[in-house]
Amino acid sequence: MAKLTQKHIAIVGGGWAGFAAAVRLVKRGHKVSLFESSRTAGGRARRVAVQGLNVDNGQHILLGAYRDSLSMMRTVGIDIDNAFLRVPLQMVYPPGIDGMAFSAPVSKLIPAPLHLAIALLRAKGLRNADKLSLARFSSTARWMDWTLYEDCSVTELLQRFDQTPRLCELMWNPLCIAALNTPPQHASAQVFLNVLRDSLGANRAASDMLVPKYNLSALFPEKATTFIQNHGGQVALGAAVTQIQRNSVQPGKWQLALAQSDLSQTNATAYDGIIIATDASNAKRLLQSTPTNTSLPSFEFEAITTCYLQYPDTLRLDRPMFALLEDAAKQHWGQFVFDRGYLHSDQAGLLAVVISAPNESIGLQQEALVQAITSQLAHSLENPALKVPLWHQIITEKRATFRCTPKLQRPSNATSEANLVLAGDYTAGEYPATLEAAVRSGIAAADLLA
């Protein structure tokens, strides 16, 4: 067997894609230097300190179908059973809403797809027409192998499948927005079907919802940092890369220009390859400093807002999460509420309300948005005390994801230059902009260089 020639690879960007690439490379015996402009690892899925608590810049849910993310976490030493609250697939609305309660059975002895059939039979708040509509969607999608001849919007897909207005409002539209962070009238039906295929259409564990009990930096990037360093790699936080250039002395190699003067000695380091693992906008900027003729499309972006509301630590919801009914006419913007007391011992009484693709609410003043959200919670959960939190904090990631539209042409990991590759949730793949998409892209980029 030929002996491995160790390469020295630079990775620009310390999000989930960059760390996945780095872990993959050091496992294969290569040397890695990772540079992240922020002082917190994680990119657009990271830890944020609020009122002395470690929360996230956006509340996340993972799926049991996220095989590469879960495998990567195990590789760096994360105990998956302790890191997540695993709950069966569910869409449950609180008592103050004319909603529904759809929840797969807890028992793992019930195989797929029987567990979904049982959930459908037991679902409350759905009429017979809604249940038949859902069953028809599932069976037809399976028969089609979850594949469309030509992509269209999710709204058009639901119309083709004769889905009832109530089922669309209570289940399909919220699932689309949660998964793709794109309104259903603009969202890719094929990408939506890909997510459903790997969750609803796969084995029992794949459909489980995994709610992190660690903050998003601790969930993978920080453990990955230790793993990389233990394998001889370097992770530099607070190190902004300004340019990527061909090395003028050693043909075929690359070098970086860094903004920090204390890292100036690194500017002359010759690398065998570069992975640009930033967001799409910064990747586009960095590519312009290279000789490549590869260009990135101009993506449209969607925001995600998370509103943290602290109440007395005696407050506890009946379950870890509820779906909420978005209604712009009533100024009800929240789509999901999470009780973080179920997840973190030091966060009793802390609720996180998520607004994905907050196009209408994003222009509101913070106090007006908080008042609207707390009024919605008080009504939905039938608890007037929720109108008056002890404190609040709104975090909006304005360019959280690309807008996942039909037939969107996403770039490949490779560029026109040898040993210069891209990694990020925006690169070509079956998934929308999720942690799983980022990790898969990081692995693909590493494999191109390894």
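**Exercise 1. A loop residue**

Task: In this predicted model, find where L296 lies, and decide whether L296 is buried or exposed.

Solution. Start with the secondary structure: L296 lies in the loop between α11 (280–287) and β14 (301–310). Next, take the relative accessible area, which is 6% for L296. The cut-off for buried is under 20%, so L296 counts as buried. Then list the contacts, skipping residues up to four places away in sequence: L296 touches A280, A283, K284, L287, P411, L422 and Y426. To finish, try a distance check in your viewer. L296 and R285 are eleven residues apart in sequence, and their C-alpha atoms are 9.6 Å apart in space.

**Exercise 2. The end of a helix**

Task: Which helix holds S380, and which residues does S380 touch once those up to four places away in sequence are set aside?

Solution. First, locate the residue: S380 belongs to helix α12, which covers residues 366–380. Second, look at its accessibility. S380 has a relative accessibility of 1%, so it counts as buried. Third, collect the contacts: S380 touches P94, P95, G96, I97 and L324.

**Exercise 3. A three-stranded sheet**

Task: Work out which strands form the edges of the open sheet that includes β5, β9 and β6.

Solution. Begin with the strand order, β5-β9-β6, where the pairing is antiparallel. The edge strands are β5 (62–63) and β6 (84–87), as each pairs on one side only. Now zoom in on one pairing: β5 and β9 (residues 209–212) run antiparallel and are joined by two bridges. Across this pairing, L63 stands opposite M209 in β9.

**Exercise 4. The nonpolar core**

Task: Which residues of the largest nonpolar core touch the most other members, and which helix gives the most to this core?

Solution. As background, nonpolar side chains in soluble globular proteins tend to be buried together. Here, the largest nonpolar core has 153 residues, of which I11, M73, W172, I274, I275 and L377 touch the most other members. Helix α1 (residues 16–27) gives the most to this core, with nine residues. Take I274 as a case to follow up. Leaving aside neighbours within four places in sequence, I274 is in contact with A10, V12, I244, W254, L256, N419, L420, V421 and L449.

**Exercise 5. An enclosed space**

Task: How many cavities of 30 Å³ or more does a search of the whole structure find, and which residues line the largest cavity?

Solution. The search returns one cavity of 30 Å³ or more. The largest cavity has a volume of about 30 Å³. Its lining consists of Q90, M91, V92, M321, F322, A323 and F336. Mapping these onto strands, β7 (90–92) and β15 (321–323) each supply at least two lining residues. Sorting the lining by class gives six nonpolar residues, one polar and no charged ones.

**Exercise 6. An open space**

Task: Describe the second largest pocket by its volume, its lining and the classes of its residues.

Solution. The volume comes to about 410 Å³. The pocket is lined by 21 residues, and those closest to its centre are N173, I177, P184, E326 and Q335. Both α7 (165–180) and β17 (350–356) supply at least two residues of the lining. Of the elements, α7 gives the most, with four residues. By class, the lining of this pocket has twelve nonpolar, six polar and three charged residues.

Methods. Residues are numbered from 1 along each chain as its sequence is written. This is a predicted model: local features need pLDDT of at least 70, side-chain atom pairs count only at pLDDT 80 or more; totals for chains, interfaces and linings use all residues. Side-chain values use heavy atoms; hydrogens and water are left out. Buried means under 20% relative accessible area, exposed over 50%, partly exposed in between (1.4 Å probe, protein chains only). Contact means heavy atoms within 4.5 Å. Two strands pair if DSSP finds at least two bridges between them. On a 1 Å grid over the protein atoms alone, a cavity is a set of points where a 1.4 Å probe fits but cannot get out, and a pocket is an open set with protein on both sides within 12 Å along at least five of seven lines; lining residues have an atom within 4 Å of a point. Grid points are joined across faces, edges and corners, and a volume is the space filled by probe spheres set on the points. Ala, Val, Leu, Ile, Met, Phe, Trp, Tyr, Cys and Pro count as nonpolar, Asp, Glu, Lys and Arg as charged, and the others, Gly among them, as polar. A nonpolar core is a set of buried Ala, Val, Leu, Ile, Met, Phe, Trp, Tyr and Cys residues joined through side-chain atoms within 4.5 Å.
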